[in-house]
Amino acid sequence: MPISFDLTSEQEELRNLAAKFAREEMAPKAAECDRSGRFPEEIYRKAWELGLMNLNVPTEYGGSGLALLDQCLITEELGRACGGMTTSILANCLALQPINLAGTPEQKKRFLGEFCSGYRLASFALTEPGGGSDAGALKTRARREGDHYVLDGQKCFITNAPQASLYTVFATVDPAKKHAGICAFVVPRDTPGVSIGREEDKLGQRASSTATVIFEGVRVPVDHRLGEEGEGFRVAMATLDSTRTPIGALAVGIARAALEHAARYSRERTSFGVPISQHQAIATKIGTMVQELEAARLLTWRSAWLVDHGERATLESSIAKCFASDSAMRICDEAIQIFGGYGYMRDYPVEKLLRDAKLCQIYEGANEIQRLVIAREYLKRFA
Ligand code: COS
């Protein structure tokens with residue numbers, strides 16, 4: 001089978017569009033939003049206007065309908081400018097993917113259409129205060145009452161929760177059934193009984209918002225359930241199979257920014273009479289950083305390519321997300337080291353990158369879970 005890393009002219013255009021938006025709109029406000037924790041809604045609106053949101057929504061429902069590889073190209077450019085803003089922009093793709101995967105044509109038209117006819121945000125609500133990694137043990141209850149389900153429970157660390165108009169929520173009809181009891185629901189924000197709890201004050205990615213969502217006696221019509229009763233866990237896992245790869249691309253974007261800052265600084269800063277880039281101690285750091293960045297990008301591209309060719313990429317998406325986020329942490333750490341004392345200071349851009357990269361190791365499945373998935377999938381194939 002031929003392998004090509006050439007991008008089409010359409011892909012180059014998309015990448016340029018994202019790079020321009022990142023450079024002109026996101027980057028100038030990244031430091032300010034990081035300091036204040038402000039949610040820059042004007043940027044997200046503009047991203048929507050340019051078609052840089054809802055990238056995975058099919059064109060027939062008004063979305064961009066982009067291949068996952070195209071989504072990764074865009075995400076890397078956005079991630080290079082601001083990790084937190086990129087997370088908020090990507091959150092719609094994560095929240096709407098269960099509808100893409102398991103919605104009926106009528107549900108897709110009803111729920112996806114409104115995201116493409118106007119600017120709106122959605123949140124993916126899986127994680128709970130009692131556990132994130134063991135998603136099969138979630139406790140939010142869904143009790144069937146006639147043609148409704150009644151939801152009770154709490155979801156935590158939910159991206160864009162305070163601003164979202166819709167949540168895709170995972171709840172169980174019977175905790176004893178574990179995975180087989182879980183259902184996926186579409187829950188509009190204005191449904192009585194839905195409220196927002198504590199908004200988090202985070203280490204990094206501070207331009208995105210993160211909060212608890214509380215469901216108290218929330219009545220959801222049966223036709224808001226995605227897929228059959230008991231299919232919710234599989235819908236969540238299949239969603240993450242395609243959304244973990246863009247998290248890898250986001251980590252590549254953050255790492256690329258760190259490498260570029262460090263490379264530029266190493267040529268400007270002198271010590272012992274020469275630019276520090278001429279010292280082997282610095283050059284070998286840069287050599288390793290470049291290798292890790294290139295490898296991380298290739299892994300995200302391969303995972304995206306497989307998904308775009310209709311393959312299940314559980315293994316590859318976990319590898320891409322895990323490797324890219326671990327490398328981003330190492331690259332950002334080395335970038336700070338190259339900047340020396342300046343790197344530790346908030347006046348310089350690299351400490352933010354490290355704080356932003358850290359979240360990529362934790363969300364959409366902690367990297368310990370990715371390693372577990374990788375080992376399981378490898379052993380299945382190896383057998
Ligand atoms: N696609 C489709 N189906 C899948 C799947 C996938 N990627 N992964 C698992 N399943 C199915 C399995 O085939 C199994 O189905 P059967 O019951 O019919 O055999 C079922 O789901 C249960 O799978 P499994 O036994 O692997 O579940 P476990 O509880 O052992 O482990 C992990 C699942 C740990 C991998 C899962 O809970 C996980 O990914 N946790 C992290 C959650 C996460 O990413 N949270 C972040 C939220 S977004 S910020």
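1. A polar contact is taken here as a pair of N or O atoms within 3.5 Å. With that cut-off in hand, and bearing in mind that the model is a predicted one, the ligand site can be read residue by residue. A nitrogen atom of the ligand lies 2.9 Å from a polar side-chain atom of Asp241, and a nitrogen atom of the ligand is also found 2.7 Å from a polar atom of Ser133, in this case one belonging to the backbone. On the oxygen side, a polar side-chain atom of His179 is placed 2.8 Å from an oxygen atom of the ligand. The ligand taken alone would expose 1000 Å², and the protein buries 70% of that area.

2. The surroundings of the ligand comprise 21 residues, of which Ser133, His179, Arg234, Arg244 and Arg376 come nearest. In composition, the shell divides into 9 nonpolar, 6 polar and 6 charged residues. Two helices, α6 (232-268) and α10 (367-382), each supply at least two residues of this shell, and it is α6 that gives the most, with 7 residues.

3. Which residues have a positive phi without being glycine, and where do they sit? Asn54 has a phi near 55° although it is a residue other than glycine, and its place is the loop between α2 (41-49) and α3 (68-81). With a relative accessibility of 2%, Asn54 counts as buried. Lys178 likewise is not a glycine and has a positive phi, of about 50°; this residue belongs to the loop between β4 (166-172) and β5 (182-188). The relative accessibility of Lys178 is 44%, so the residue counts as partly exposed.

4. The cysteines deserve a separate remark. How many disulfides does the model contain? The count comes to 0 disulfides, a pair of cysteine sulfur atoms within 2.5 Å being what is required. For Cys82, the closest cysteine sulfur is that of Cys33, and because the two sulfurs are 6.9 Å apart, they are too far from each other for a bond. For Cys322, the closest cysteine sulfur is in Cys360, at 12 Å, which again is too far for a bond. Cys82 is buried, at 2% relative accessibility, and Cys322 is buried as well, with a relative accessible area of 5%.

5. Thr300 has its place in helix α7 (residues 280-308). Is Thr300 buried or exposed? Its relative accessibility is 2%, so Thr300 counts as buried. Leaving aside neighbours within four places in sequence, the residues in contact with Thr300 are Thr245, Gly248, Ala249, Val252 and Ala320.

6. Glu292 also lies in helix α7, and at 14% relative accessibility this acidic residue counts as buried. The side chain of Glu292 makes a polar contact with the side chain of Ser327, at 3.3 Å. When residues up to four places away in sequence are not counted, Glu292 touches Phe323, Ser327, Arg330 and Ile331.

7. Phe323, one of the residues touched by Glu292, is found in helix α8. Its relative accessibility of 29% is that of a partly exposed residue. Beyond its neighbours within four places in sequence, Phe323 is in contact with Glu292, Ala295, Ala296, Leu299 and Arg330. From Phe323 to Tyr378 the separation is 55 residues in sequence, and the C-alpha to C-alpha distance is 16 Å.

8. Phe339 lies in helix α8 as well, a helix that spans residues 314-339. With a relative accessible area of 6%, Phe339 is buried. The residues that Phe339 touches, not counting those up to four places away in sequence, are His261, Ala262, Tyr265, Tyr348 and Val350. By contrast with these contacts, Phe339 and Leu372 are 35 Å apart in space, measuring from C-alpha to C-alpha, while they are 33 residues apart in sequence.

Conventions. Residues numbered from 1 in each chain as written. Predicted model: local features only at pLDDT ≥ 70, side-chain atom pairs only at ≥ 80, totals over all residues. Heavy atoms only, no water. Near = heavy atom within 4 Å. Polar contact = N/O pair within 3.5 Å; in protein donor to acceptor, adjacent residues only side chain to side chain. Areas by Shrake-Rupley, 256 points an atom, 1.4 Å probe, with all protein chains shown as cover. Helix = DSSP H or I, 4+ residues; strand = E, 2+ residues; numbered from the N terminus. Nonpolar A, V, L, I, M, F, W, Y, C, P; charged D, E, K, R; others polar. Buried < 20%, exposed > 50% of the residue type's maximum accessible area, 1.4 Å probe, protein only. Contact = heavy atoms within 4.5 Å.
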